[in-house]
Every structure is written in C-alpha cells, then in structure tokens.
Amino acid sequence: MSIQERIVADIKEAMKAKDKDKLRVLRSLKAKLMEKEISERKEGEAKLSDEQSVEVLMKAAKQRKESIEQFEEGDREDLAENEKKELALIEEYLPEMMDEEEVRKVVREKIKALSASGPEHMGKVMGPLMGQLKGKADGSLVSKIVKEELGG
C-alpha cells in the first residue's frame, strides 16, 4: 500500500472514529500530496511515487518542527503541543530516519571518498550526501555533522 493509499484509508478511519484533529492533519497531507501530483503532471495523469510522497511529508514535518521552535520561543506551549501532535502523526508515514551515529559514519565515508579536507569542501560533500540520504536523514543534522567533520 502506497503512502497516499494509507493516508486515504486513515482518513476514512478517522472519520468513522470522529477524530477531528487527526482528520484535519490527514486532509492537509492529502491536499499537499495532490498539489504535488498536479504540479508533476506533464500530459494527462501523474501518480506520485512513494519517494515523492516522502519529500512532501518531510517538508510538512520540517514546517511543524520550525513552528514548534517558534511557539516555544514565544512561550506558547499550548500551540507547540498541538504542532508536536501533528508532527508525530506525520512521522508515522515517514520511513525510519537514520540516527546521528549512522549519519556520521556515512559522512565520514563520503569525505574520505571525495578527499575533502576542510570547510571549503562543504558544498562538494553536501551535494552527493543529500542525494544519498534524501528521506533517510534530516538535512540540518547532515549539515551539522559535515561541518563538524570538516572542522568548520
């Protein structure tokens, strides 16, 4: 079952359970996926791959994380809690993310393979890494680790 199909099935379940909060988030995700699908259409119809769906969901998760940070800085725990619930729901549809140690290992291998030696090689390392780790690791974590490993 694709991510989109799971979301549609879960929308039906949330409707039956009268879970308004879950329903609102799932409908929002479905709308974002449909927008992406429409933007991908060349001639006729287009079906999003799970990889494209993960991109959309990662973007939605990132937006929630940024909102949580801003609400906590503004001392609005009530709003931050709501965003945390939405983030947890979105993360149910995302593949398991790599932890910091796994990312660090991949970063070290890539740095060695590219013979990168200093902060000036960050772009040289980040491009291929983000292609390799897309949907598997948070970009800000990858960037932080690359900086540390390159001595930046």
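How many residues does helix 3 have, and what distance does helix 3 reach from its first C-alpha to its last? In this predicted model, helix 3 runs over residues 50–73, which gives it 24 residues. End to end, from first C-alpha to last, helix 3 reaches 34 Å, close to the 34 Å expected at 1.5 Å a residue.

Now for the chain as a whole. The protein chain has seven helices and zero strands, so to speak an α-α-α-α-α-α-α pattern when read along the sequence. Its C-alpha atoms fill a box of roughly 55 × 50 × 25 Å, taken along the principal axes. The chain has 152 residues, and 34% of them count as buried. As for contacts with a separation of 6 or more, 58% come from residues 24 or more positions apart.

Back to helix 3, and to what is tucked away there. Which residues of helix 3 are buried? They are S53, V54, V56, L57, M58, A60, A61, R64 and I68. A handy bit of background goes with a list like this: an α-helix has 3.6 residues a turn, so residues three or four places apart point the same way. The cover over the buried residues of helix 3 includes helix 1 (3–17), helix 2 (20–40) and helix 4 (77–91).

Helix 2 deserves a look of its own. The axes of helix 2 and helix 3 come within 10 Å of each other, crossing at roughly 130 degrees. Oblique is the word for an angle over 115 degrees and up to 145, and helix 2 and helix 3 are therefore oblique to each other. Their crossing is right-handed. On the helix 2 side, the contact is made by S28, L29, K32, L33, K36 and E40. Helix 3 brings Q52, S53, E55, V56, L57, A60, Q63 and R64 to the contact. Sorted by class, the residues of this contact come out as five nonpolar, four polar and five charged. Some of the helix 3 residues here have already turned up as buried, among them S53, V56, L57, A60 and R64.

Helix 2 also meets helix 4. Here the axes come within 10 Å and cross at roughly 60 degrees, and that makes helix 2 oblique to helix 4. Helix 2 passes helix 4 in a right-handed crossing. K22, R24, V25, L26 and L29 of helix 2 make this contact, together with N82, E86, L89 and I90 of helix 4. Five of the residues in the contact are nonpolar, one is polar and three are charged. One residue of helix 2, L29, takes part in the contact with helix 4 and is also listed in the contact with helix 3.

What about the loops that join these helices? As a rule, most residues other than glycine have a negative phi. K18 has a phi near 55 degrees, a positive value in a residue other than glycine. K18 lies in the loop between helix 1 and helix 2, and K18 is exposed, because its relative accessible area is 68% and anything over 50% counts as exposed. D75, which comes after helix 3, has a positive phi of about 60 degrees although it is not a glycine. The place of D75 is the loop between helix 3 and helix 4. With 68% relative accessibility, D75 counts as exposed.

Finally, there is helix 7, residues 139–149. Its buried residues are L141, V142, S143, I145 and V146, and what covers them includes helix 5 (100–114) and helix 6 (122–133). Is S143 of helix 7 buried or exposed? S143 is buried, because its relative accessible area is 19% and buried means under 20%. Leaving out residues up to four places away in sequence, S143 touches M122 and M126. K144, also placed in helix 7, is partly exposed, with a relative accessible area of 38%. K144 and I38 are 106 residues apart in sequence, and their C-alpha atoms are 34 Å apart in space. After helix 7 comes G151, whose phi is positive, near 75 degrees.

Notes:
Residues are numbered from 1 along each chain as its sequence is written. This is a predicted model: local features need pLDDT of at least 70, side-chain atom pairs count only at pLDDT 80 or more; totals for chains, interfaces and linings use all residues. Side-chain values use heavy atoms; hydrogens and water are left out. Helices (H or I, at least four residues) and strands (E, at least two) are DSSP runs, numbered from the N terminus. The expected span of a helix is 1.5 Å times one less than its number of residues. Buried means under 20% relative accessible area, exposed over 50%, partly exposed in between (1.4 Å probe, protein chains only). Contact means heavy atoms within 4.5 Å. Axes are lines fitted to C-alpha atoms, for helices over the stretch in contact, and angles run from 0 to 180 degrees between N-to-C directions. Angles under 35 degrees count as roughly parallel, over 145 as roughly antiparallel, 65 to 115 as roughly perpendicular and the rest as oblique. A crossing is left-handed if the near helix is turned anticlockwise from the far one by less than a right angle, and right-handed if clockwise. Ala, Val, Leu, Ile, Met, Phe, Trp, Tyr, Cys and Pro count as nonpolar, Asp, Glu, Lys and Arg as charged, and the others, Gly among them, as polar.
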